[in-house]
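Thanks for coming, everyone. Have a look at the model on the screen, and I'll walk you through it.

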Amino acid sequence: SVVVSRVNLYEDVAVTADQVVVRPLQAHEEQALRVAHGENWREKMIPSPGAAHFRVPLKNIPAETILLRSHLSEVALPPTLSSQLEPNTQAVNVAVSKDKAAGGVLRVGEYVNVLLTSKVQTSGREETHTALLARGCKILMKRNIIWPIAVGDPDHLPMKFTLQANAYRAALIDYAQAHGQLTLLPVATPPKATGTFSDPSNQ
């Protein structure tokens, strides 16, 4: 038996055990493996679905591919969150509804502007206003999982992101969550002018 990809696997997106499956090895496949890898070809195989869990493909892998150890990264934890922070920045966690996070398709490494929509009292009446809280915050983590994985998210549950911002903007974002609704708008990678991606003025 061999372990094969049940679905397409993508470079830099961690594999989960349900994305691979064990199936019998066909005679022509065994011959091809012998030619490519010699008589010790079995040692080059991924031994079980569990052995692939949270390993990261080094290249795109089509479905029904026999998985080799060389297809996946070594067994290791991802870099710590603190080691990923730019100088003079902090991590701040936010929970945002799916429709306020570009439909939920935002990925780790993207940059977002953070907006707050809130009800305010103006001239004795309540009005709804939206303000920009921070510019170009980098997404460091999604779903409170340090591994990058590709899964669907329920429409009715808030999505969780960890953003990079300078100390002032991080505190402002954290405070604002209790005073209205946050929106994350994807933006192009901002220029690195001040050592922080959260706000060009570094305020």
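Let's start with one pair of residues. Val-114 has a bridge partner in β5, and that partner is Ala-134. Keep in mind that this is a predicted model.

Now widen the view. Val-114 and Ala-134 are bridge partners, and their strands are β4, residues 111–122, and β5, residues 125–142. Eleven bridges hold these two strands in an antiparallel pairing.

They are part of something wider. Five strands make an open sheet, and the order across it is β3-β6-β5-β4-β7. The pairing is antiparallel. Which strands stand at the edges? They are β3, residues 90–96, and β7, residues 181–187. Each of them has a single partner strand, so one side of each has no neighbour in the sheet. The sheet is also twisted from strand to strand: on average, neighbouring strands are turned by 40° against each other, ignoring direction. As background, strands in a sheet pair through backbone hydrogen bonds.

Next, what lies across these strands? Helix α4, residues 167–176, does. The helix crosses β3, β4, β5, β6 and β7, and runs at about 125° to β5.

That brings us to the core. The largest nonpolar core has 21 residues. Val-114, where we began, is among those with the most contacts inside it, along with Phe-161, Leu-163, Ile-173, Leu-182 and Leu-184. The contributions come from β3, β4, β5, β6, α4 and β7, with at least two residues from each.

Take Leu-182 as an example. Setting aside neighbours within four places in sequence, Leu-182 is in contact with Val-94, Val-96, Lys-100, Val-114, Leu-115, Leu-116, Leu-133, Ile-173, Ala-176 and Gln-177. A second, separate core exists too, with nine residues. Leu-9, Val-15, Val-20 and Ile-46 are included in that one.

Now to the start of the chain. Strand β1 covers residues 2–5, and both of its faces are covered. Val-2 and Val-4 are buried on one side, and Val-3 and Ser-5 are buried on the other. In general, side chains of a regular strand alternate between the two faces of the sheet. The partner here is β2: four bridges join β1 to β2, and the two run antiparallel.

Opposite Val-2 in β2 stands Arg-23. Strand β2 spans residues 20–23. Is Arg-23 buried or exposed? Arg-23 is buried, because its relative accessible area is 18% and the cut-off for buried is under 20%. What does its side chain meet? The side chains of Arg-23 and Glu-29 are joined by a polar contact of 2.7 Å. Beyond its close sequence neighbours, those within four places, Arg-23 is in contact with Ser-1, Val-2, Val-4, Glu-29, Glu-64 and Ile-66.

Glu-64 deserves a stop of its own. Most residues other than glycine have a negative phi. Glu-64 is not a glycine, yet its phi is positive, at about 70°. Its place is in the loop between α2, residues 49–52, and α3, residues 81–84.

Ala-102 is another such case. Its phi is near 55°, again a positive value in a residue other than glycine. Ala-102 lies in the loop between β3 and β4. With a relative accessible area of 34%, Ala-102 is partly exposed.

That loop between β3 and β4 also holds Gly-109. Gly-109 counts as partly exposed, at 32% relative accessibility. Apart from neighbours within four places in sequence, Gly-109 is in contact with Lys-138 and Ile-139. Along the chain, Gly-109 and Thr-189 are 80 residues apart. Their C-alpha atoms are separated by 9.5 Å.

Last, the whole protein. How many helices and strands does it have? There are four helices and seven strands. Along the sequence, the pattern reads β-β-α-α-α-β-β-β-β-α-β. The radius of gyration is 22 Å, well over the 17 Å that the globule rule gives for 203 residues, so the protein is more spread out than a compact globule. Along its principal axes, the C-alpha trace spans about 80 × 35 × 25 Å. Of the 203 residues, 37% count as buried. And among contacts between residues at least 6 apart in sequence, 67% join residues at least 24 apart.

That's the tour. Thank you.

Definitions and conventions. Residues are numbered from 1 along each chain as its sequence is written. Side-chain values use heavy atoms; hydrogens and water are left out. Buried means under 20% relative accessible area, exposed over 50%, partly exposed in between (1.4 Å probe, protein chains only). A polar contact is a pair of N or O atoms within 3.5 Å; within protein, one must be able to donate a hydrogen and the other to accept it, and residues adjacent in sequence count only if both atoms are side-chain atoms. Contact means heavy atoms within 4.5 Å. Two strands pair if DSSP finds at least two bridges between them. Axes are lines fitted to C-alpha atoms, for helices over the stretch in contact, and angles run from 0 to 180 degrees between N-to-C directions. A nonpolar core is a set of buried Ala, Val, Leu, Ile, Met, Phe, Trp, Tyr and Cys residues joined through side-chain atoms within 4.5 Å. The radius of gyration is taken over C-alpha atoms; the globule rule is 2.2 Å times the number of residues to the power 0.38.
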